[in-house]
Amino acid sequence: MLSLLRSVLRNRALLRDFVVRDLKSRYVGSAMGFFWSVIFPVVNLFVYMFVFRLVLKARWGDPGSDPTYPGDGSPGETALVMLAGILAWAAFAETMSRGTNSLVENANLIKKVVFPSEILPPYLTISSIVNMLIGMPIVLFGVIVFSDRRPGLELLAVPLLLVLQAAFTIGLTYLLSALNAMVRDVYHIIGVATTVWMFATPIFYPAKMVRDSYQSLGGGFGSFMLPLGWILEINPMHWLIDSWQRVLVFQLWPQWDLVFRFVLATVLMLVVGGAVFRDNRKSFPDLL
Amino acid sequence: MSETSSAVPANASSAAAASRSGSEQAIVADGVSKCYRLYQKPMHRLLDSLHIGGPRYREFWALREVYLDVRKGATVGVIGENGAGKSTLLKLLSGVSSPTTGSVQVNGRVTSLIELGAGFHPEFSGIENIGLACSILGMLPDEIAEKTPQIVEFSELGDFIHRPVKDYSSGMYVRLGFAVATCVEPDILLVDEALSVGDEHFRGKCMRRLNEFAEGGGTTLFVSHDLGAVKQMCEHVVLVHEGRVVEQGPAERVADAYLKRVKMRGNDGLSFAARAGGDYPQWGSGEIAVESVELIGPGGQAARVFSSGEQFTVQTRYRVQGAVREPVFGVGIYRSDGTYVNGSNHEWRAQPIQLTGLEPGETGTVEMIVGSLPLLQGEYYISTFLYDHGHPTPVAIDHRERVVVFQVVDELHRQHGMVTLESDWRVRRELAGGEVCELESQS
C-alpha cells in the first residue's frame, strides 16, 4: 500500500489533471453545468421520500423511542436525513461502479503509455467527493430553514468523515478494479451488488426498523422470525452514513464506536485492496 | 527455426552488454524474454492471481533471449514478419510492459509513436487534450505551457484546436497525436509504422521532424516491415523472427537476409499446383473447367514469391466438358487492396490466338509469360477469366476471383509505388560561367 501511495504522490500533478478533467467532463456540453450535482440528489430524494415516507410509512421514531436517534421524525427532518445519506451513498456507489471498470476503460493508456494506473481509483474517488461537497450545503441550508439547529463545531467532523470515506472507497476500488481486469464479470456483479447494498443500508429508513425486525416480523406470521440486526453489524456503509446523518442534520458528533469500526474497515480495505492491486499491477498492460 | 537462430546473434554476451551499459548507450536489453500466460478461462487467471490452486496457464514466449545494444544517437531498424515479436519488443523497451526475464535499461526519456492520440478525451478541445496528454507523458506544468504553442502550430489544426476532439477527422486526430508525441523532446523515440497516416504533406513533415530528431542526436528505434523505409533511415537493422533476434548488423545485409527468408518460406512446399477454387466467388456456364492455376518462377518451379524483374508465368490448366464457340482465357492481376493492375487475354493482341473446335475430353494449358515482372514490393492476387467470345457480348464459362495470391519482393528498391517504369534520366546544368554540362542515365 505504501508503494502505491508513494507513486500516487509522485504523480500528483497528473492526478490533479485527471480530477479536473473529470469534474469538467461531468458538465461539458450540458447547459445546467454544476447544478446537476444538486438536482440529481434532490430528485432522488423526492422519489425515495414518496416511496418510503408516503407509501411504506417508514417513520424515524417518536422522540425518545430510539436512544441512538436524536430526531423527532418530522417530514422536513426525514427529508434531510435521507438527503445526507443519498449524497454520501451516491458518491460512494458512483466511484465503486466507475472504479471497477477504470482499468478496462483506460486500457488504451495502460497498454500504450507508461502510465501509473494506481492513480485511477484515487482520481475517481476525489472527483466524486468534490461532487458530493457541492451538494452538501443544501443539507445545511435545509437544517437552518427546517429546524432550530444551527451548524456548529461538530462540522469539524466533516473533513474526518470525508477522508475516511475516500480512503475506504479507494481501498475497495483498488481491489475491484484489479479483479475486474482479470474477470470482467466483476463489473456486472458490482452493478447488482450496489443496489442490494444500498437498500441494506439505513438511508431511507431508520436503523431501528432493522434492529427491531426480530419483533415486528415475529408477530403476524406466528413462528416465522427473521432477525436482521446483524446486517448493521457488518455493514461499514451504515457506520459511515449514520455518522454523516448525525453530523450534517443533527449537528451532533458521530457515534465514536461506529467511527472506530469504520476506521478498522478502511484499514482492512486499504491493505487487502492495495496488496491485490500492487501484485497484479505489472501484468495490467498484458491483461487488458 | 531455432537451430539457425541460436547460431547468429552478434553481440550476445550479457557480460559485454553490462560492461557497456554506461552513458554511451541509449538502450541496453540484456537477455530479455517475454512470456505471456494464456488462460483458457478468465476465471483461471483470477484463481491463479489469488494463489488458489496450482498454475492453470499455458506459456507463450513472444520474445526469447533478446540482446540489444543501441548507442546514443543511432537510428536502429527492427524488421520482421507480422507476429515476429516486434511490437512486444517495443512495449518492453518503452517500459509499458515488463520483461519476464532479463532486464531493459533505457537512458533518457522515451516516447513512442505507438500511442498517437492515446488518452485523448473526445469531449474536450484539442488544446485541453494537449495539456492532459503532455501530463500523461510526464511533462511538468510550465513545460507544458511552453510547448503548447509549438504543438498547436505543428498540428496545423487552425481554429479546430478549440473544438472538441470528437469533431476531428481521423487525420486531424493523428496529426495532433504526432505533434504531441514529438514535441515532448524525447531522448529516445520508438516509431511503430505510425507514419502511414495523414496526407502526403503531413507525412513529409513527419519525416522531416524525425530526421531533425536524428540529426539532433536523438536515438530512434524504427519498427516496420517496409524495407525501403528501414534501409533509408537506419544504418543498423535487427531482424526478429519468431521471438528471436536472428540477425543484426548493417542495414543492407540484414534486409537482404530478411528478403531471402521471406522468399524461402513463401515458396516452401509448393511443389504441386494449387487447386483452383476456394472461398472467393466464381461463376460461369462450365463447358470448360479451369482445373488449376499455377504461378511459375524463372527456374520453372512453382512459386508464390517473386522478385521484381524476374520471369513470371501464370499457367492455367483446363479440361473441356462441352461444346463452346470461341473460348478466350484471360488473367487479371490485382494488388491486395483490390487495385486492378492489369488485365489481358490471348485474343486482344496484334497476333491473336484463336481457339476453335474444342471437343469434350480435351485438356491443355494456357500460359501468360511476363519476361520481366514490373511489379514492385507488395502482395498481389490473380483472377482468371474464361469467357466465350462467340456471342455479341462475352459469356462467362468459368470466371474465378482471386485464385492465387502472390508476393513480390524488391531487393533493389530503386523505385517506389506499384510498378517499375523503365526510364531514362537526363540532367542539363547551365553553369554560372555559361558552360553547359549534360548528365545522362539510361535504363
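## Around A:Phe52, A:Ser117 and strand β1(B)

Setting aside residues up to four places away in sequence, A:Phe52 touches A:Lys57, A:Ala58, A:Met82, A:Phe199, A:Phe204 and A:Tyr205. Please keep in mind that this is a predicted model. A:Phe52 belongs to helix α3 of chain A, which covers residues 36-55. Is A:Phe52 buried or exposed? Its relative accessibility is 11%, and the cut-off for buried is under 20%, so A:Phe52 counts as buried. Another phenylalanine, A:Phe168, is 116 residues from A:Phe52 in sequence, and the C-alpha atoms of the two are 28 Å apart in space.

A second place to look at in chain A is A:Ser117. This serine sits in the loop between α6 (107-112) and α7 (120-146). A:Ser117 is buried, with a relative accessible area of 2%. Which residues is A:Ser117 in contact with, leaving aside its neighbours within four places in sequence? They are A:Leu103, A:Ile110, A:Phe277, A:Arg281 and A:Phe284.

Now for chain A as a whole. Chain A has 15 helices and 0 strands. For its 288 residues, a compact globule would have a radius of gyration near 19 Å, and the 20 Å of chain A agrees with that. Along the principal axes, the C-alpha atoms fill a box of roughly 60 × 45 × 35 Å. Among contacts in chain A with a separation of 6 or more, 79% come from residues 24 or more positions apart. Of the 288 residues, 53% count as buried. Chain A exposes about 13,200 Å², and carbon and sulfur atoms supply 71% of that area. As for charge, chain A carries 23 positive and 18 negative charges, whose mean positions are 8 Å apart.

Chain B brings us to strands. Strand β1 of chain B spans residues 25-38, and 11 of its 14 residues are buried, so this strand is largely enclosed by the rest of the structure. Two of its pairings are set out below.

| Partner of β1(B) | Bridges and direction | One bridge pair |
|---|---|---|
| β2(B), residues 58-71 | 10 bridges, antiparallel | B:Arg37 and B:Glu59 |
| β4(B), residues 101-106 | 5 bridges, antiparallel | B:Ala29 and B:Val104 |

In the pairing with β2(B), B:Arg37 stands opposite B:Glu59. In the pairing with β4(B), B:Ala29 has B:Val104 as its bridge partner. When you look along these strands, remember that side chains in a regular strand alternate between the two faces of the sheet.

Note on methods. Residues are numbered from 1 along each chain as its sequence is written. Chains are lettered from A and ligands numbered from 1 in the order in which they are written. This is a predicted model: local features need pLDDT of at least 70, side-chain atom pairs count only at pLDDT 80 or more; totals for chains, interfaces and linings use all residues. Side-chain values use heavy atoms; hydrogens and water are left out. Helices (H or I, at least four residues) and strands (E, at least two) are DSSP runs, numbered from the N terminus. The radius of gyration is taken over C-alpha atoms; the globule rule is 2.2 Å times the number of residues to the power 0.38. Buried means under 20% relative accessible area, exposed over 50%, partly exposed in between (1.4 Å probe, protein chains only). Contact means heavy atoms within 4.5 Å. Accessible areas come from the Shrake-Rupley method with a 1.4 Å probe; for residues, only the protein chains shown count as cover. Lys and Arg count as positive and Asp and Glu as negative; His and the chain ends are not counted. The place of a charge is taken as NZ of Lys, CZ of Arg, CG of Asp or CD of Glu. Two strands pair if DSSP finds at least two bridges between them.
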